[in-house]
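Q: I am new to this model and would like a close look at one part of it. Could you start there and then show me what lies around it?

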Amino acid sequence: MSDDDVEGLFALAPKLAQLGSALNSGWLHERATHLAEVSLERPALQVLGVLQSAGEPRRIGEIAAEMRVEGPHVTRHVQRLERKGLVERVVDPQDRRARLIGLTPQGAELSTRYRAVVFSWLSQAFASWPEQDQRDLVRLGSRMVDDFLSFLEQERAHGPETPAGAGARTARQGGVDRPDRAGVA
C-alpha cells in the first residue's frame, strides 16, 4: 500500500465516523420509529433486524455476534420482545434440547415497517447517483466492512500482546495509532 493510499484511508476515517454517529443518533432512531409507528429501543430493533435478515431462527450467540455485543445483552432484549409477542423460542432442529429465537408474524411486520422507513431514506439520499455508482458502493462498502470486521476479529484473537498485523509498526500520533512511515511499503 502506498503512502497516498494510507493517507486516503485516514481521510476516509472521519467520514466513516460521521456516518456512524449519524446512523446511531437518537434523533434518527426517534424519527424512524415515529414514522414507522414502532415503539422499541434501538437494540430491540437490531435483534428483529438480525432475525429478519437471517430469514430463519437463530441462537442468542449468533444474534449477539451479528450485533457485536455480549449474549446477556441480547438475552435481555429477547425476553422483552418475547413478552411483547414479537419473537418466540423454537426448538433447534439440530439439538432438540436447545432453543432458537424466531420472529413472530407481528415481529416481522414491525421490523419490515421500520426498515422500510430507513431504506426509503437511503434511496432518497442516493437517488441522484448513477446506478453503477450505487452498485459499486454496495459492493465495495460491503467488502470494506467485511474485511475490516474480519481483521478486527483476528486482532481480538491475538490479544493485545501480538497484533495480527505484527509486521507493521505503529506510532502514536494525535491520539490515534497510525502505521509508522518506516513500516509502510
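How many residues apart are F148 and F151 in helix α7 (residues 131–158), and about how many helical turns separate them?

A: F148 and F151 sit three residues apart in helix α7 (residues 131–158), which puts about one helical turn between them. Helices here are DSSP runs of H or I with at least four residues, strands are runs of E with at least two, and both are numbered from the N terminus. Before we go on, please keep in mind that this is a predicted model, in which local features need pLDDT of at least 70 and side-chain atom pairs count only at pLDDT 80 or more, while totals for chains, interfaces and linings use all residues. Numbering starts from 1 along each chain as its sequence is written, and side-chain values use heavy atoms, with hydrogens and water left out.

Let us look at the rings themselves. The structure holds two aromatic pairs. In one, the rings of F126 and W129 have centres 4.8 Å apart and planes at 75°, so they meet edge-to-face. The other joins F148 and F151: with ring centres 6.4 Å apart and planes at 25°, this pair is stacked. (Rings of Phe, Tyr and Trp, the last by its six-membered ring, pair if their centres lie within 6.5 Å; planes under 30 degrees apart are stacked, over 60 edge-to-face, and the rest tilted.)

How accessible are these four residues? F148 is partly exposed at 48% relative accessible area, and F151 is partly exposed too, at 35%. In the edge-to-face pair, F126 has a relative accessible area of 26% and is partly exposed, as is W129 with 34%. (Buried means under 20% relative accessible area, exposed over 50%, and partly exposed in between, using a 1.4 Å probe and protein chains only.)

Now step back to the whole chain. The protein chain has seven helices and four strands, arranged along the sequence as α-α-α-α-α-β-β-α-α-β-β. Of its 185 residues, 21% are buried. Among contacts with a separation of 6 or more, 49% join residues 24 or more positions apart; contact means heavy atoms within 4.5 Å.

Helix α3 is a good next stop, with two crossings to look at. The axes of α3 (residues 42–54) and α6 (residues 105–125) come within 9 Å and cross at roughly 100°, and that makes the two helices roughly perpendicular. (Axes are lines fitted to C-alpha atoms, for helices over the stretch in contact, with angles from 0 to 180 degrees between N-to-C directions; under 35 degrees is roughly parallel, over 145 roughly antiparallel, 65 to 115 roughly perpendicular, and the rest oblique.) On the α3 side, L45, L48, G49, Q52 and S53 make the contact, and they meet G107, A108, L110, S111, T112, Y114 and R115 of α6. By class, the residues of this contact are five nonpolar, six polar and one charged. (Ala, Val, Leu, Ile, Met, Phe, Trp, Tyr, Cys and Pro are nonpolar, Asp, Glu, Lys and Arg charged, and the others, Gly among them, polar.)

For the second crossing, turn to α3 and α5, whose axes come within 9 Å and cross at roughly 85°. Here too, α3 is roughly perpendicular to its partner, α5. P43, A44, V47 and L48 of α3 touch H73, V74, H77, V78 and L81 of α5. The contact of α3 with α5 has seven nonpolar residues, two polar and no charged ones. Also in α5 is R76, which is partly exposed at 41% relative accessibility. The C-alpha atoms of R76 and A44 are 9.3 Å apart, with their positions 32 residues apart along the chain.

T33, in helix α2, is worth finding as well. T33 is buried, at 9% relative accessibility. Beyond its neighbours within four places in sequence, T33 is in contact with V38, L40, L45 and Y114.

Finally, visit two loops. Most residues other than glycine have a negative phi. E37, in the loop between α2 (26–36) and α3, has a positive phi of about 55° although it is not a glycine. E37 is exposed, with 68% relative accessible area. R68 lies in the loop between α4 (60–67) and α5 (71–83), and its phi is also positive, near 65°. At 44% relative accessibility, R68 is partly exposed.
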